Amino acid sequence: MIQSMTGYGKAERVLGNRKYTVEMRALNGKGCDINVKSQILPKDKDLELRQTLARILYRGSVEVSVVSEQQEGVEPKEINAELFSAYYHKIESLLREAGGDMSTQGNIVSAILKIPEVMDNRKEEVGADEWEAVSACAAEAASALTAFRLKEGKALREDLRTRVETICRYLDEALAYEPERVKAVRERILARMDELSLTPDCQRFEQEMIYYIEKLDINEEQVRLRQHCAYFTETMDNEEYPGRKLSFIAQEMGREINTLGSKSNHALMQKSVVKMKDELEKIKEQVLNVL
């Protein structure tokens, strides 16, 4: 089952009086780019987490958030009393000088407490015990992200399969004009010779006609295109991470479709080729999101 590169996963763990939350958001990318945003992970654990997630998630641009929250009903944050007092007295003094309303004490306190330096916002890096909880939380979030990817991948697979089948249907539609196309080419050449009042040698004319029509033959292209379509579906169904290979196969499909278009020499056949190109462009867009 193919996976989409986009997805979301979240997990939480409670240890003592703290709750650890890990969130992951993934988008498509050529490689595996893990971006960890956290104030509580030491550098060595940050690197370890990136390496672990890279092995699990394989590809994509993944944004990881690791946060720690103090549970309700436990000890509050420390307040820098000296800095609080300095701010309070300074604001109170300015209000007196400006003749302001001195009954707004509550508002002053609230405003001061919002100043980052007043509250004790020291970074609390996780220790060995906490890291175990964070690591387990990250693994759970990665599993949730993978489940999301699989769900999206199911819809992606059905869409790609339908579009490949549509290309094969348009190919059949184009080939239906093959007898008419060869006949039209022959008649066009004969009509041109009549205009020029030419009387060719019949044997030589047939030889040249066969040579010319062989140059316009599309049998090899249509056989290869069908093979590429079958290989695309087979790869999608049987490989764990087929994204890159599907992209290469789609390029080969494009080459055959382009050659069909250049050789067609028939308006209705060219319309079918244009429809094949349109489906292929949609396939290429979707393949960019396949893991």
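In this predicted model, E256 has a relative accessibility of 8% and therefore counts as buried, the limit being under 20%. This glutamate has its place in helix 8, which spans residues 243-264. Leaving aside residues up to four places away in sequence, the contacts of E256 are E221, R224, L225 and H228.

One of these neighbours, L225, is a good guide to the surroundings. With the same sequence exclusion of up to four places, L225 touches I167, L171, M253, E256, I257, L260 and M276. L225 also belongs to the largest nonpolar core, which has 26 residues; the members that touch the most other members are L160, I167, L225, F232, M253 and M276. Two or more residues of this core come from each of helix 4, helix 7 (219-238), helix 8 and helix 9 (267-287). Helix 4 gives the largest share, seven residues. Another core lies apart from this one and holds 23 residues, including L41, L53, V64 and V134.

It is convenient to turn next to the sheet. Four strands make up an open sheet with mixed pairing, and their order is 1-2-4-3. Strand 1 (7-15) and strand 3 are found at the edges; each has a single partner strand, so one side of each lacks a neighbour in the sheet. From one strand to the next, the twist averages 15°.

The pairings of strand 4 show how the mixed character arises in detail. Strand 4 (residues 60-70) is joined to strand 2 (residues 18-27) by ten bridges in the antiparallel sense, and here V22 is found opposite V66 of strand 4. With strand 3 (residues 32-38), by contrast, strand 4 runs parallel, and seven bridges join the two. Within this parallel pair, N35 has E63 of strand 4 as its bridge partner. A left-handed β-α-β unit is made by strand 3, helix 1 (residues 43-57) and strand 4.

Two helices can be placed against this sheet. Helix 1 lies across strand 2, strand 3 and strand 4, and its direction is at about 140° to that of strand 3. Helix 4 (residues 128-175) lies across strand 1, strand 2 and strand 4, running at about 155° to strand 1. Helix 4 thus appears in both parts of this account: helix 4 lies across strands of the sheet, and helix 4 also supplies seven residues to the largest nonpolar core.

The cysteines complete the picture. The count of disulfides comes to zero, with a limit of 2.5 Å between sulfur atoms. For C168, the nearest cysteine sulfur is that of C229, at 3.8 Å, and C168 is in no disulfide. C137 has a relative accessible area of 0% and is therefore buried.

Methods:
Residues numbered from 1 in each chain as written. Predicted model: local features only at pLDDT ≥ 70, side-chain atom pairs only at ≥ 80, totals over all residues. Heavy atoms only, no water. Pairing = 2+ DSSP bridges. Right-handed = clockwise from strand over helix to strand, strands pointing away. Axes fitted to C-alpha atoms, helices over the stretch in contact; angles between N-to-C directions. Contact = heavy atoms within 4.5 Å. Buried < 20%, exposed > 50% of the residue type's maximum accessible area, 1.4 Å probe, protein only. Core = buried A, V, L, I, M, F, W, Y, C linked by side-chain atoms within 4.5 Å.
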